[in-house]
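Dear colleague,

Please find below the structure I promised to pass on to you. My notes on it follow, and I would be grateful if you read them with the coordinates open.

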Amino acid sequence: MEDNRQKLLQSQIHDWLLKNKDSGTQLLQKLVQADSTQANEKGAQGIVIEALHEIGLLVDIWEQDGDELVQHPYFVSPRTEFKESPNVVGVKKGTGGGRSLILNGHIDVVPAGDFEQWEHHPFSGKVVEGKLYGRGATDMKGGNVSLLLALSALQQLDIQLKGDIIFQSVIEEESGGSGTLATILRGYKADAAIIPEPTNMRIFPKQQGSMWFRIHVKGRAAHGGTRYEGVSAIEKALLVVEYINKLEKKRNERITDPLYSKVPIPIPINLGKIEGGNWPSSVPDHVKLEGRMGVSPEETMEEAKLEMESWIAKLQEVDPWFAEHPVVIEWFGARWVPGAINLEHELMNKLITNYQQIQGETPIVEASPWGTDGGLLTKVGETPTIVFGPGVTEKAHHPNEYIEIEKVFEAAEIIALTAIDWCGLH
């Protein structure tokens with residue numbers, strides 16, 4: 001944008017956001033009050049649909065086809081029936097000749113957990129000293145509202161762009177991304193994308209991927225009184241755990257990317273569940289370990305799988321027991337595809353410039369410590385993606401989750417200006 005015109009538009013957008021702070025906060029409250037855990041997304045999506053119609057966008061609403069999705073190699077979900085769980089897309093059509101931009105956010109939230117650990121009801125949307133509390137406030141309904149505010153400002157100020165802006169409110173991000181996959185299969189692609197996940201206003205050009213695995217460790221049953229006649233699968237499982245920790249160390253020693261310099265373990269292997277044995281007086285003959293393996297943006301899911309499988313196959317070098325009783329590994333459940341955008345990509349430059357303009361400081365640019373739908377957009381949708389949002393990273397999935405309301409509006413202003421720069425003024 002020309003300097004004078006840019007300053008005028010920035011001033012107009014800033015003033016519009018100030019005037020609409022109460023209504024924007026109320027929208028976020030309504031969204032947080034709508035429990036949108038898996039299979040309960042319809043109510044929250046209804047609020048989004050109403051907002052999109054009020055903004056004046058072209059709205060597309062559909063329930064994704066489980067039969068179609070299950071055929072796709074990147075489909076992951078605990079369900080294949082999506083009735084009453086719609087995806088929602090709103091499009092601000094450009095006048096032509098500009099670049100398109102996807103603004104993608106997920107409407108689903110993780111369960112609230114133990115309500116007694118919350119100071120306020122997890123679906124209250126209570127505001128205390130500039131913070132709005134509730135499950136999903138930070139991950140990521142606050143970011144979604146930033147997108148809606150940015151679009152509303154552009155529409156109400158009659159700022160016409162050359163390129164299309166495609167807003168997406170998707171289901172299922174928390175369980176593997178089938179909602180975003182469904183938008184891609186429906187034909188929604190763009191020249192670039194922004195996802196306002198909770199980054200603490202940091203910019204993430206890279207997102208690690210992850211996938212779940214299950215390991216079966218065999219033992220030999222015996223009476224607990226003569227346990228020396230058996231082989232404890234629990235004791236063997238402890239060897240497996242130690243061995244996997246060595247693999248984690250080896251994989252992370254390879255990572256020299258400065259974007260990970262502040263991340264203690266860039267691509268963790270987390271063992272989150274252990275189950276085994278069936279009787280206190282018996283030697284356990286089977287243990288099941290379940291975990292999550294981080295995947296670097298520089299590797300494929302298949303490469304990470306192969307490294308884990310090859311590593312596990314060498315367990316017999318640790319203990320001869322595993323030669324005749326090999327550990328079995330299987331891949332199941334959720335997975336998130338890694339993704340990255342070139343650090344010199346023009347959208348990166350424009351986002352950084354607008355951040356500096358609004359915040360008066362240089363943004364922190366890092367790699368994401370968790371997976372997002374950005375990997376699907378990048379790898380499957382061929383849409384380079386940046387993750388940048390107002391939420392509090394450390395409060396995602398936690399009790400007493402909250403978001404700072406001011407950050408929602410700051411992110412909205414930065415995203416609106418970046419959309420103008422990227423899509424081009426008419």
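**Helix packing**

Helix H3 (residues 42-55) packs against helix H5 (residues 137-156) at an angle of about 15°, and their axes are 10 Å apart. Since angles under 35 degrees count as roughly parallel, H3 is roughly parallel to H5. The crossing of H3 and H5 is right-handed. On the H3 side, the residues that meet H5 are Ala-44, Ala-51, Leu-52 and Ile-55, and their counterparts in H5 are Lys-141, Leu-148, Leu-151, Ser-152 and Gln-155. Sorted by class, the contact of H3 with H5 has six nonpolar, two polar and one charged residues. Please bear in mind, here and throughout, that this is a predicted model.

A second helix pair is formed by H1 (residues 3-19) and H12, whose axes come within 10 Å and cross at roughly 145°. The crossing of H1 and H12 is likewise described as right-handed. From H1, the contact involves Gln-6, Leu-9, Gln-10, Ile-13, His-14 and Leu-17, while H12 contributes Phe-409, Ala-412, Glu-413, Ala-416, Leu-417, Ile-420 and Asp-421. By class, eight nonpolar, three polar and two charged residues make up the contact of H1 with H12.

**A residue within H12**

Helix H12 spans residues 405-423 and includes Thr-418. With a relative accessibility of 0%, Thr-418 counts as buried. Apart from neighbours within four places in sequence, Thr-418 is in contact with Ile-194, Leu-347, Lys-350, Leu-351 and Asn-354.

**Gln-207 in strand E8**

Strand E8 covers residues 203-207, and Gln-207 belongs to it. Gln-207 counts as buried because its relative accessibility is 0%, the cut-off for that class being under 20%. Two polar neighbours of the Gln-207 side chain deserve your attention. The side chain of Thr-372 is joined to that of Gln-207 by a polar contact of 3.4 Å. In addition, a polar atom of the Gln-207 side chain lies 3.4 Å from the backbone nitrogen of Gly-375. When residues up to four places away in sequence are not counted, Gln-207 touches Pro-297, Pro-338, Gly-339, Ser-368, Trp-370, Thr-372, Gly-374, Gly-375, Thr-385 and Val-387.

**Two residues of strand E10**

Strand E10 runs over residues 269-276 and contains Asn-270; Ile-269 is also placed in E10. How does the accessibility of each residue class it? Ile-269 has a relative accessibility of 5% and therefore counts as buried, whereas Asn-270, at 43%, counts as partly exposed.

Leaving aside neighbours within four places in sequence, Ile-269 is in contact with Phe-213, Ile-244, Leu-247, Glu-248, Arg-251, Arg-292, Met-293 and Met-308. On the same basis, Asn-270 is in contact with Phe-213, Glu-290, Gly-291 and Arg-292. Phe-213 and Arg-292 thus appear among the contacts of Ile-269 and among those of Asn-270.

Two C-alpha separations may help you to place these residues in the fold. Ile-269 and Ala-153 are 116 residues apart along the chain, and their C-alpha atoms are separated by 43 Å. For Asn-270 and Gly-389, 119 residues apart along the chain, the C-alpha separation is 26 Å.

With kind regards

Methods. Residues are numbered from 1 along each chain as its sequence is written. This is a predicted model: local features need pLDDT of at least 70, side-chain atom pairs count only at pLDDT 80 or more; totals for chains, interfaces and linings use all residues. Side-chain values use heavy atoms; hydrogens and water are left out. Helices (H or I, at least four residues) and strands (E, at least two) are DSSP runs, numbered from the N terminus. Buried means under 20% relative accessible area, exposed over 50%, partly exposed in between (1.4 Å probe, protein chains only). A polar contact is a pair of N or O atoms within 3.5 Å; within protein, one must be able to donate a hydrogen and the other to accept it, and residues adjacent in sequence count only if both atoms are side-chain atoms. Contact means heavy atoms within 4.5 Å. Axes are lines fitted to C-alpha atoms, for helices over the stretch in contact, and angles run from 0 to 180 degrees between N-to-C directions. Angles under 35 degrees count as roughly parallel, over 145 as roughly antiparallel, 65 to 115 as roughly perpendicular and the rest as oblique. A crossing is left-handed if the near helix is turned anticlockwise from the far one by less than a right angle, and right-handed if clockwise. Ala, Val, Leu, Ile, Met, Phe, Trp, Tyr, Cys and Pro count as nonpolar, Asp, Glu, Lys and Arg as charged, and the others, Gly among them, as polar.
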